[in-house]
Amino acid sequence: MTTPALLPLSGRRIPALSPGASSFPHHRATLRLSEKFILLLILSAFITLCFGAFFFLPDNSKHKRFDLGLEDVLIPHIDAPKMGKHAAGQVVIHGQGGHDEHRHREEEESLRDKIRADHERALQEAKEKLRKSRAELQAEIQTEKVRVVEELKKKEAGPRPLPPVPMPKVVGVSDGEPPEPAVKEKRDKIREMMKHAWDSYRQYGWGHNELKPLAKKGHTTNIFGNSQMGATIVDALDSLYIMGLHEEFKDGQEWIEQNLDFTGVVFKLKAVQLAEKLLPAFNTPTGIPWAMVNLKSGVGRNWGWASAGSSILAEFGTLHMEFVHLTYLTGNPVYYQKVMHIRKLLAKMDRPNGLYPNYLNPRTGRWGQHHTSVGGLGDSFYEYLLKAWLMSDKTDTEARKTYDDAIEAIERHLIRKSNGGLTFIGEWKNGHLERKMGHLTCFAGGMFALGADGSPDDKAGHYLQLGAEIAHTCHESYDRTVLKLGPEAFKFDSGLEAVAVRQNEKYYILRPEVIETYWYMWRFTHDPKYRQWGWEAAQAIDKYCRVSGGFSGVKDVYSSNPTYDDVQQSFFLAETLKYLYLLFSSDDLLPLDSWVFNTEAHPLPVLHLGNITLPGSQPAQR
């Protein structure tokens with residue numbers, strides 16, 4: 001989620017891991033900049049998991065707020081609008097015939113039996129304790145004390161060093177300056193916008209999660225646990241690095257080393273320690289993780305509004321890249337095994353019309369409300385299937401097959417063409433197609449283009465064209481507004497096409513998905529219209545969202561005098577400005593055959609594993 005370089009370990013920076021070298025070598029005092037970059041990318045991309053939902057609705061008193069407490073941290077990936085939209089708690093009980101109801105009753109009875117058994121076992125253990133003599137109890141207490149002391153000694157000695165692993169070759173960490181003066185001028189403007197956003201945050205919101213650019217103060221939303229975790233700093237670091245803003249990068253890096261704090265313990269550099277805090281989220285009957293976990297107690301829970309407390313597809317399906325990298329770096333198979341268990345469980349489940357519903361109950365392993373979306377609640381699940389294959393150097397053929405099957409079902413049931421000829425992706429709700437597309441769904445144009453190469457049945461051209469059609473539709477959603485910025489959602493009904501109807505869908509909160517698709521389409525086609533469309537969006541953002549204290553979202557893109565929402569989202573620096581900068585850079589900056597961007601636009605290197613097998617995995621077949 002940020003860039004790679006250094007999260008603090010006893011005040012020291014993480015040394016580069018080189019082939020055959022110790023994880024923490026003492027023979028060198030400094031690291032090459034490229035090595036710092038790759039380490040910061042790998043480790044900070046995983047830290048993104050802590051911050052989860054970076055996509056937020058503008059503050060609105062009508063939206064139900066959820067107090068997570070100081071220690072609650074989200075497992076990604078949820079896009080905030082869904083929190084406002086579904087906060088009313090759409091609990092749907094599905095009756096699918098007597099057989100399903102009977103099975104449901106059996107599962108409930110089985111769960112009750114397990115609870116009874118656990119209760120009886122606890123009572124029996126308590127009785128056995130009471131029967132023991134004073135001497136026996138004292139001996140047990142002493143044994144427990146010794147065990148605790150030994151554990152404390154291990155902690156004081158510090159975590160075990162990471163095993164030596166071959167560092168992925170750093171390719172494309174270059175300036176990427178375009179040869180054309182006009183393009184370079186546009187890229188310089190994007191860098192200036194980034195500097196304005198960062199400097200404003202540095203001056204008015206430093207250490208807070210986000211910035212209120214009109215009020216000129218920090219904005220700490222309870223999605224981050226009501227704590228000052230510096231989410232903007234962590235999220236923006238790799239953008240600063242890529243844009244050559246190295247002084248700003250250094251400021252952010254130093255803040256993380258000195259201040260990033262989890263559960264009252266200063267963060268000690270390694271994402272591994274954070275991962276250990278997140279693992280209890282997987283302690284459910286099915287192994288499907290909770291949306292949130294208390295970092296102190298390890299207790300997990302889900303959103304109350306999410307279909308009777310279900311886990312969300314785009315959350316538990318958006319862990320693979322980061323967890324696989326953790327296993328690669330640490331040699332610990334548990335991270336890989338956790339995400340592979342999720343994949344295998346989903347593969348065994350029946351899917352209505354081949355579609356993956358957005359909700360899955362982690363206790364029963366049953367789907368919740370039959371709502372399928374390629375936008376919020378579902379989006380990055382599909383993205384990570386494709387990117388797991390790409391990140392594995394195309395050896396994870398199981399991920400590719402799962403992606404292809406899912407996209408085939410999406411094409412059959414969700415993708416339609418409007419009367420005006422615009423291709424859109426609707427949402428499937430209980431057997432009905434809702435002809436509405438969200439801004440979040442616009443990322444799919446880039447996903448289709450990215451996945452075109454390797455498509456079954458020689459359909460590469462088809463998916464590249466599909467990506468182009470989605471890009472065109474999303475551009476129309478921008479072009480049909482007064483501000484030339486896209487609404488949160490737009491309909492294809494009753495003569496209206498690519499236009500928002502409801503007032504609460506007319507806002508723009510500095511989202512990146514449309515620009516993300518422009519960048520992918522530019523990389524694969526070099527059609528100049530994508531740079532032109534990106535420049536139009538950049539100019540509109542600079543004109544209508546820029547204020548003296550940073551950048552703010554607007555509440556109505558169809559109004560010539562819009563009201564600001566007074567939030568500079570962290571993802572604006574992490575994603576929107578990064579994709580714009582890359583759009584006006586040469587292709588040798590972070591080439592796509594060497595880098596894979598996670599769902600928050602943080603690049604991770606392709607693992608050219610060769611004959612290396614990840615611990616706990618099986619060798620993949622090409």
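Arginine 202 has a relative accessibility of 34% and therefore counts as partly exposed, since that class lies between the limits of under 20% for buried and over 50% for exposed. The model in which this residue is seen is a predicted one. The partner of arginine 202 in a salt bridge is aspartate 251, and their closest N and O atoms are 3.9 Å apart. This separation falls within the 4 Å allowed for a salt bridge. Because arginine 202 belongs to helix 5 (residues 181-204) and aspartate 251 to helix 7 (residues 246-259), the pair ties together parts that are 49 residues apart in sequence. Aspartate 251 is also partly exposed, as its relative accessible area is 30%.

The structure holds 28 salt bridges. Side chains of opposite charge can pair when their charged atoms come close. One of these pairs lies in helix 13 (residues 397-413), where glutamate 408 and arginine 412 are four residues apart and therefore separated by about one helical turn. The closest N and O atoms of glutamate 408 and arginine 412 are 3.0 Å apart. Both residues are partly exposed: glutamate 408 has a relative accessible area of 43%, and arginine 412 has one of 46%. Elsewhere, Lys189, Glu192, Asp542 and Arg546 are joined into one network by salt bridges that share partners.

A further salt bridge leads to an annotated position. In helix 12 (residues 379-391), lysine 387 and glutamate 383 are four residues apart, so about one helical turn separates them. Their side chains meet in a salt bridge with an N to O distance of 2.7 Å. Here both partners are buried: lysine 387 has a relative accessible area of 3%, and glutamate 383 has a relative accessibility of 4%. The side chain of glutamate 383 is also joined to that of threonine 599, through a polar contact of 3.1 Å. Glutamate 383 thus takes part both in the salt bridge with lysine 387 and in the polar contact with threonine 599.

Threonine 599 is placed in the loop between strand 20 (595-597) and strand 21 (603-605). Although this residue belongs to a loop, its relative accessibility is 11%, so threonine 599 counts as buried. In an unreviewed UniProt entry, the annotation "binding site" covers Thr599. Such annotations may be inferred rather than shown by experiment.

The cysteines come next. The structure holds one disulfide, formed by cysteine 442 and cysteine 474, with their sulfur atoms 2.1 Å apart. This pair links distant parts of the chain, the two residues being 32 residues apart. Cysteine 442 is in the loop between strand 15 (436-438) and helix 14 (444-450), whereas cysteine 474 is in helix 15 (residues 460-479). The disulfide is left-handed because the torsion about its S-S bond is about -95°. Both ends are buried, cysteine 442 with a relative accessibility of 1% and cysteine 474 with one of 2%. Cysteine 545 is likewise buried, as its relative accessible area is 0%.

Strand 15, which precedes the loop of cysteine 442, also belongs to a sheet. Three strands form this open sheet in the order 15-16-17, with antiparallel pairing. Strand 15 and strand 17 (496-499) are the edge strands, each pairing on one side only. On average, and with direction ignored, neighbouring strands of the sheet are turned by 15° against each other.

Individual residue pairs show how the strands are matched. Strand 15 and strand 16 pair in the antiparallel sense over three bridges, and the bridge partner of methionine 437 is phenylalanine 490 in strand 16. On the other side, three bridges join strand 16 (residues 489-493) to strand 17, and these two strands also run antiparallel. Phenylalanine 492 stands opposite glutamate 497 in strand 17, while aspartate 493 stands opposite leucine 496 in strand 17. Strand 16 and strand 17 form a hairpin with two residues between the strands, in which serine 494 takes a positive phi near 55°.

Key. Residues are numbered from 1 along each chain as its sequence is written. This is a predicted model: local features need pLDDT of at least 70, side-chain atom pairs count only at pLDDT 80 or more; totals for chains, interfaces and linings use all residues. Side-chain values use heavy atoms; hydrogens and water are left out. Buried means under 20% relative accessible area, exposed over 50%, partly exposed in between (1.4 Å probe, protein chains only). A polar contact is a pair of N or O atoms within 3.5 Å; within protein, one must be able to donate a hydrogen and the other to accept it, and residues adjacent in sequence count only if both atoms are side-chain atoms. A disulfide is a pair of cysteine sulfur atoms within 2.5 Å. Two strands pair if DSSP finds at least two bridges between them. Axes are lines fitted to C-alpha atoms, for helices over the stretch in contact, and angles run from 0 to 180 degrees between N-to-C directions.
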